[in-house]
Amino acid sequence: MITRAVVLGGGGIAGIAWESGVIAGLADNGIKLNMADKVIGTSAGSIVGAALTNGQNMKDYLAAMLSQSAEQDQLLAGIDFFELFGRAAAGDSAEEIGRNFGRITQSRVPAIADEERTNRMKQLVGQFSWSDALTTTALNVETGQTHQFDKDSGVELWQAVAASSAVPGIWGAVHLNGEEWIDGGLTSGNNVPFAEGYDQVVVIAMIEQGQGTLPNVYDEVEKLRENSHVTLITPDDTSRPLVADSFNVSLAEQIGAAGYAQGVRFAQEHEDLRKYWSS
């Protein structure tokens with residue numbers, strides 16, 4: 001039996017909008033990613049993955065998400081992520097860089113209070129429950145290593161998504177199972193290696209490049225292709241300039257529309273995928 005996995009990478013508000021649009025465009029043209037045996041969601045992708053694995057029409061979910069955009073989302077545009085991430089990414093290994101991010105989280109007062117973060121996460125995914133297929137990623141503050149949460153991890157879905165989305169400088173670390181966790185995309189924007197062992201893999205990656213010594217999605221996909229058939233979708237020429245600012249809420253509707261159009265075109269150009277993703 002053919003096994004199927006979907007990898008949904010990070011990307012902030014833009015990532016949620018673009019990935020939801022792409023998935024909706026694919027679905028409307030016969031490529032249904034909700035058939036996956038495994039969905040690996042990182043940061044923004046954990047939010048999209050929660051909706052996908054709960055049987056949501058992603059076009060409807062995107063519209064609902066946009067209508068609920070909180071004022072706090074707009075605050076994110078004022079944080080100098082490049083300065084923060086540039087300092088943290090100056091490490092010799094992924095674990096060292098992860099620990100650097102952990103120290104940043106511990107040393108800064110988050111822009112958004114924990115209570116506000118909890119309310120926002122519950123608004124985005126609180127109506128959903130864990131599925132057998134979904135895993136989310138988060139980085140351990142102390143070890144710098146990235147782990148996966150699933151239905152057997154002993155945490156609620158919204159908590160796992162909050163941990164996966166806890167960007168340093170915006171949110172504080174999330175305390176789960178006696179440890180502190182932050183954004184799962186800090187040492188790999190997409191965590192493609194977690195799809196190892198699946199026959200058919202679709203990777204939807206808004207973040208293409210890695211900082212410093214961190215991997216880019218193309219290298220991760222090339223490695224995975226040694227044993228799997230991997231389909232990679234990254235922003236096209238229309239989507240790429242729109243998603244350059246991950247946290248610009250004002251562009252989210254336009255980004256979602258661009259993602260949908262890209263998903264439609266991609267499905268039409270890759271009709272062979274339907275035999276793996278239609279039932």
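Which helices and strands each supply at least two residues of the lining of the second largest pocket? In this predicted model, the elements that do so are α6 (94-107), β4 (146-149) and α9 (217-224).

## The second largest pocket

The space in the second largest pocket comes to about 270 Å³, and 14 residues line it, of which Ala94, Thr146, Thr187, Ser188 and Asn191 are the closest to its centre. By chemical character, the lining is made up of seven polar, four nonpolar and three charged residues.

## Overall form of the chain

The chain is built from 12 helices and eight strands. Its radius of gyration is 17 Å, which is close to the 19 Å that the globule rule gives for 279 residues, and the chain is therefore as compact as a globular protein of that length. Taken along the principal axes, the C-alpha atoms fill a box of roughly 50 × 40 × 35 Å.

Of the 279 residues in the chain, 57% are buried. Among contacts with a separation of 6 or more, 76% are made by residues that lie 24 or more positions apart.

## Nonpolar cores

In soluble globular proteins, nonpolar side chains tend to be buried together. Here the largest nonpolar core has 74 residues, and Leu33 and Ile204 are those with the most contacts inside it. Helix α1 (residues 12-27) contributes nine residues, the largest share of this core. A second core, separate from the largest one, has 14 residues, including Ile40, Val192, Tyr198 and Leu232.

When its neighbours within four places in sequence are left aside, Leu33 is in contact with Val6, Ile23, Leu26, Leu52, Val202, Ile204 and Trp277. One of these partners, Leu52, is also among the buried residues of α2.

## An enclosed helix

Helix α2 (residues 44-52) is largely enclosed by the rest of the structure, because nine of its nine residues are buried. The buried residues of α2 are Ala44, Gly45, Ser46, Ile47, Val48, Gly49, Ala50, Ala51 and Leu52.

## A buried loop residue

Thr234 is found in the loop between β8 (229-233) and α10 (239-242). With a relative accessibility of 15%, Thr234 counts as buried, because the cut-off for that class is under 20%. If residues up to four places away in sequence are not counted, Thr234 touches Trp18, Ala205, Glu208, Val217, Tyr218, Arg240 and Gln262. Two of these partners, Val217 and Tyr218, fall within the residue range of α9 (217-224), which helps to line the second largest pocket.

How values were computed. Residues are numbered from 1 along each chain as its sequence is written. This is a predicted model: local features need pLDDT of at least 70, side-chain atom pairs count only at pLDDT 80 or more; totals for chains, interfaces and linings use all residues. Side-chain values use heavy atoms; hydrogens and water are left out. A nonpolar core is a set of buried Ala, Val, Leu, Ile, Met, Phe, Trp, Tyr and Cys residues joined through side-chain atoms within 4.5 Å. Buried means under 20% relative accessible area, exposed over 50%, partly exposed in between (1.4 Å probe, protein chains only). Helices (H or I, at least four residues) and strands (E, at least two) are DSSP runs, numbered from the N terminus. Contact means heavy atoms within 4.5 Å. On a 1 Å grid over the protein atoms alone, a cavity is a set of points where a 1.4 Å probe fits but cannot get out, and a pocket is an open set with protein on both sides within 12 Å along at least five of seven lines; lining residues have an atom within 4 Å of a point. Grid points are joined across faces, edges and corners, and a volume is the space filled by probe spheres set on the points. Ala, Val, Leu, Ile, Met, Phe, Trp, Tyr, Cys and Pro count as nonpolar, Asp, Glu, Lys and Arg as charged, and the others, Gly among them, as polar. The radius of gyration is taken over C-alpha atoms; the globule rule is 2.2 Å times the number of residues to the power 0.38.
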